[in-house]
Amino acid sequence: MADIDFDGVTKVYGDGPPAVDRLSLHIDDGEFMVLVGPSGCGKTTALRMLAGLEEISSGTLRIGGAVVNNTLPKDRDVAMVFQNYALYPHMSVAQNMGFALKIRGESKREIARKVEDAARILRLTEYLERRPKALSGGQRQRVAMGRAIVRSPQAFLMDEPLSNLDAKLRVEMRSEIARIQRLLSVATVYVTHDQVEAMTMGDRVAVLRDGQLQQVATPQDIYDRPANEFVAGFMGSPPMNLVPCQLRPGRSRVEVVVADQSIELPLGYADTHSLPEAGADVVLGVRPEDVLIADATGANVLKVRVERVEALGSEALVHLAWGEGGASSSRDARSRSFIAKVGPRVTFAPGDVVSVQVSPEHIHFFDAGTGISLRAGGR
Amino acid sequence: MSVVTINGTTPIHRRGRRLSLRRRRQVAGFLFALPAIALVVGFIGVPIGQAVYYSFTEWNGLTSTWIGASAWTQAFHNSNLWTALQNNALLLLAVPFALGLPLLIAMLLHQRVVGWRIFRSIYFLPTAISWVVLGLVAERFFAYHGTLNSLIHAVGLTHVSTNMLGYESTALSALGITFVFTMIGTNTMLFLTGLATLDPSLEEAARIDGAGRWRIFRSITLPHLSRFIQLAFVMTVIALFSALFSLIFVMTGGGPGYATTTMEFLIYQTGFDQGAFGTAALYGLILFVLTAIVGVVQLRLIGSEE
Ligand SMILES: Nc1ncnc2c1ncn2[C@@H]1O[C@H](COP(=O)(O)OP(=O)(O)OP(=O)(O)O)[C@@H](O)[C@H]1O
Ligand SMILES: [Mg+2]
């Protein structure tokens, strides 16, 4: 078992832009690290470099302290679960799982014992003699897992292993994989673009965008204290509302001007946030569940119009907007609207004008230019 | 849905005259296949039947006389038949090369060695050329004043000269070598197609599992290619038994002596040189049975894997 260290690792294909750009990331021994990001951000590339399937353009990659930049995959002692599972079609489940051990030259009895142990953990015992073709998607996924765990490798690498499963199975396997990883306590790099997987499975989450690392933190930290506008907008479903506004720090409080309305924040805000000077453009961020629709006409409320209500059964999403605009879908209109997540069975209808309230501790500010969080201390 | 009738039995489905789905599929399948069946029977079945009949006759092309089973016993006493069968058996030794070389070439091309596109065209070129032309080229290659000797002399071995087609001991080898080269293009293409259908992530998975090149070839690539190899094997053996004629005709004419006379060539000689069409039909049946055995055995092998 070992830790993994990306140190300024870069991958450039041909003369294109870097697919992975100076990635520095440390994964502790036994840690479950989730790599998330939108499609094409370099997650698979990072994983393949770690597996040794892709040459590293520059930077240093270490496994267990040893530099592995030029080490062949077979000498890295890492196990990988592919998105399409890549099971050997002409081998039985048992042979698939025992292949690496056979190559290593372990005895038949030893292989059989390890395969049976892994099969028991994965509940595959009754399928050991079948060919992959005769298995369901979920069973194939478990065989792919089995092939990885029988080896007791230095690290597990998984590339969207659940993306081919149906929603129910995905939920099941999510906790299954997390359980097995905790059981074996092997450093794991798990690639996904599903943020629920990112939130629920990882010890820590690394968010990538265009090959660049945006933030590494525990899932809750990423959610509560996103380092920038991109992370804020990527994590959460629906994502954080991001509204352009102006700040007017006053003597006793900070005034936030949104469109033609304004709310006021306690002055304490200036202590925890490095707010720019008066009149600066910033982006205000607030999670949908932190938007309260209040009847109150008191201070610090915004008057908004209900555009649309989506009932999701356990909750409802209320799309709100202000100003003229109407229900157009232009970008301008999007920045003039936001979503509130409220309890189910709401009584308002499109066209109603309601008041919303946001408690100051739930408000985030981002620099309008760079997108970086204005929370003091950066992250 | 469950329906309970008054006396407690389940109602009988009124199937009437309607056939089961399976049965109807079979009928439809038969109807669709009927034109093809008619053609096969008309153009293959009937001639085979005729050949069986003529094999019991003495037939010079115009008049046939029934001579019965003695036609067969006589034929089996003819040493030329045994020579031809032996030549066919010896030529089978070329099959491993006609499969192995293309496999090697396909593996190299698949690794994208430098210039693989050009090589691919070069190897495939013979496939597009008539075997008669290939035979003529090969004849020039092996001839006493031909390319092979020029090459040997060019590397300094001026005292060595070969004339492979001129001797009974070597003519068949020369024919076998030519055959291997004519088959390289088709078989290489077949194997390249097979390799193209191999999921590259399987190889990557094997590499991560610790497999080296040789192990990947044996445990991943070869099993994947097995069907393609079987197909190439059948096609090669059948070509060897039934398509060598043009090469023999232009290269050796079956000689020297009967050294390169195969069953196929013997049929031609017996029928058209000696005018013994009855015996030729008999030989044709023997060749047909031999080829059919190869085909059936092979189909069994393929089928047994399901
Ligand atoms: N073999 C390659 N040659 C050239 N460019 C490549 C190659 N593989 C990936 N790329 C590029 O590198 C970038 C990152 O790709 P990568 O596959 O790592 O994305 P990803 O984050 O895994 O995306 P997804 O979520 O869609 O799987 C993409 O812009 C892609 O086009
Ligand atoms: Mg990917």
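The paragraphs below walk through the overall make-up, the sheets, a helix pair and a few single residues of a predicted model.

Because the model is predicted, local features need pLDDT of at least 70 and side-chain atom pairs count only at pLDDT 80 or more, while totals for chains, interfaces and linings use all residues. Residues are numbered from 1 along each chain as its sequence is written, chains are lettered from A and ligands numbered from 1 in the order in which they are written, and side-chain values use heavy atoms, with hydrogens and water left out.

A good place to start is chain A as a whole. Its secondary structure comes to 10 helices and 20 strands, where helices (H or I, at least four residues) and strands (E, at least two) are DSSP runs numbered from the N terminus. The C-alpha atoms of chain A fill a box of roughly 75 × 45 × 35 Å along the principal axes. Of the 379 residues in chain A, 49% are buried; buried means under 20% relative accessible area, exposed over 50%, and partly exposed in between, with a 1.4 Å probe and protein chains only. Contact here means heavy atoms within 4.5 Å. Among contacts in chain A between residues at least 6 apart in sequence, 67% join residues at least 24 apart.

The sheets come next. Strands of a sheet pair through backbone hydrogen bonds, either parallel or antiparallel. In this analysis two strands pair if DSSP finds at least two bridges between them. One open sheet of chain A has six strands in the order β6-β7-β8-β3-β9-β10, with mixed pairing. Its edge strands are β6 (78-81) and β10 (212-217), each of which pairs on one side only. Neighbouring strands of this sheet are turned by 15° against each other on average, direction ignored. Angles run from 0 to 180 degrees between N-to-C directions, and axes are lines fitted to C-alpha atoms, for helices over the stretch in contact. Helix α1 (residues 43-51) of chain A packs on this sheet and touches β3 (32-36), β6, β7, β8 (187-191) and β9 (204-209), its direction making about 150° with that of β7(A). Helix α5 (residues 167-184) of chain A also packs on the sheet. This second helix touches β3, β7 and β8, and its direction makes about 140° with that of β3(A).

At one edge of the six-stranded sheet, four bridges join β6(A) to the parallel strand β7 (residues 155-159) of chain A. A:A79, found in strand β6, has A:F156 as its bridge partner in β7(A). A:A79 counts as buried because its relative accessibility is 2%. Not counting residues up to four places away in sequence, A:A79 touches seven listed neighbours, including A:A148, A:L157 and B:I208. A:A79 and A:T188 are 109 residues apart in sequence and 9.6 Å apart in space, C-alpha to C-alpha.

A second open sheet of chain A has five strands in the order β15-β19-β16-β17-β18, with antiparallel pairing. Because β15 (291-294) and β18 (337-342) stand at the edges with a single partner strand each, one side of each is left without a neighbour in the sheet. The average turn between neighbouring strands is 50° here, direction ignored. Five bridges join the antiparallel strands β16 (residues 301-311) and β19 (residues 353-358) of chain A, and A:V304 stands opposite A:V354 in β19(A).

A hairpin adds a further antiparallel pair: six bridges join β12 (residues 253-258) and β13 (residues 261-266) of chain A. A:V254 has A:L265 as its bridge partner in β13(A). Two residues lie between the strands of this hairpin, and A:A259 takes a positive phi near 50°.

Some features involve both chains. Helix α2 (residues 93-104) of chain A and helix α10 (residues 213-242) of chain B pack at an angle of about 145°, with their axes 13 Å apart. The contact is made by A:F99, A:K102 and A:I103 of α2(A) and B:R215, B:S219 and B:I220 of α10(B). Elsewhere, B:E204 is found in helix α9 (residues 200-208) of chain B and counts as buried at 15% relative accessibility. Leaving aside its neighbours within four places in sequence, B:E204 is in contact with A:R48, A:L53 and A:F82.
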